[in-house]
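Thank you for sharing this model; my comments follow as numbered points. They begin with the overall architecture and then turn to individual sites.

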Amino acid sequence: NGIDDRLVVLHGEVNEHSISSVVVQLLHLANQNYKPIHLVISTYGGSVDEMFSLYDTIKFLPCPVHTIALGKVMSAGVLLLTSGVKGKRMIGRSARIMIHPISGGLIGNVFEAMNEMKEFERLQELMVSALMSETSLKKEEIDKLMKAGHDFFLTPEQAVEMGIVDRIIGD
């Protein structure tokens, strides 16, 4: 009865299939007892909706979730990494993190596009406020990263500095 019993892995794209599997595992483990669950994350990112689905699940669980970044944690994966219990969010010495604004495509007439744009803005604001509550970053700092005009890569040390994770493992 060690860590392996309460270990969940999110590996690969953040999509309906991967996230529903992780959510089911988390709920199953939380139903057994309230001991910590370790969530290992390695992803290039994916769906914003699925990211929020898992984020809300982690926040709702009665047991603590400790997050571990291995390999790469990018885009939608970053908020998921920050969602772990403060003090219990780890990153591998060789892992890398990438932050960028949410993205999507617009299709349809001008009014449909304006409607979609409003929703993108709402989701972006939702992500920024979630990152603010999970990290030590202020709105201005997150906006600066998001508006860099390119993918923003962070070292494990920078991730610790910004409060995205709490410590580096593998030393």
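1. The model is a predicted one, and the comments below should be read with that in mind. The protein has six helices and seven strands, which follow one another from the N terminus in the order β-α-β-α-β-α-β-β-α-α-β-α-β.

2. As to overall dimensions, the radius of gyration of the protein is 16 Å, which agrees with the value near 16 Å that a compact globule of 171 residues would have. Along the principal axes, the C-alpha atoms fill a box of roughly 55 × 35 × 25 Å.

3. Of the 171 residues, 47% count as buried, while the surface that the protein exposes comes to about 9,100 Å², with carbon and sulfur atoms supplying 57% of that area. Where contacts link residues at least 6 apart in sequence, 72% of them join residues at least 24 apart.

4. Leu39 deserves a comment as a residue of strand S2, which spans residues 37-43. Leu39 counts as buried because its relative accessibility is 0%, below the 20% cut-off for that class. Once residues up to four places away in sequence are set aside, Leu39 touches Val8, Leu10, Val22, Ile58, Val65, His66, Thr67 and Ile68. By contrast with these contacts, Asp143 lies 104 residues from Leu39 in sequence and 27 Å from it in space, C-alpha to C-alpha.

5. Thr82 belongs to helix H3, which covers residues 76-82, and with a relative accessibility of 0% Thr82 is likewise classed as buried. Which backbone oxygen does the side chain of Thr82 reach? The side chain of Thr82 comes to 2.7 Å from the backbone oxygen of Leu79. Beyond its neighbours within four places in sequence, Thr82 is in contact with Arg89, Leu131, Glu134, Thr135 and Ile164; among these partners, Leu131 and Glu134 fall within the range of helix H4, residues 110-134.

6. Helix H4 (residues 110-134) also holds Met114, whose relative accessibility of 49% places Met114 in the partly exposed class, since exposed would require over 50%. Together with Val110 and Phe111, Met114 forms a nonpolar patch on the surface, and the accessible area of these residues is about 340 Å² together.

7. To set the sites side by side, Leu39 is buried in its strand and Thr82 is buried in its helix, whereas Met114 is partly exposed and contributes to a nonpolar surface patch.

Definitions and conventions. Residues are numbered from 1 along each chain as its sequence is written. This is a predicted model: local features need pLDDT of at least 70, side-chain atom pairs count only at pLDDT 80 or more; totals for chains, interfaces and linings use all residues. Side-chain values use heavy atoms; hydrogens and water are left out. Helices (H or I, at least four residues) and strands (E, at least two) are DSSP runs, numbered from the N terminus. Buried means under 20% relative accessible area, exposed over 50%, partly exposed in between (1.4 Å probe, protein chains only). A polar contact is a pair of N or O atoms within 3.5 Å; within protein, one must be able to donate a hydrogen and the other to accept it, and residues adjacent in sequence count only if both atoms are side-chain atoms. Contact means heavy atoms within 4.5 Å. Patches are made of residues with over 30% relative accessible area and no salt bridge: like charges are joined within 9 Å, nonpolar side chains (Val, Leu, Ile, Met, Phe, Trp, Tyr) within 5 Å. Accessible areas come from the Shrake-Rupley method with a 1.4 Å probe; for residues, only the protein chains shown count as cover. A salt bridge is a side-chain nitrogen of Lys or Arg within 4 Å of a carboxyl oxygen of Asp or Glu. The radius of gyration is taken over C-alpha atoms; the globule rule is 2.2 Å times the number of residues to the power 0.38.
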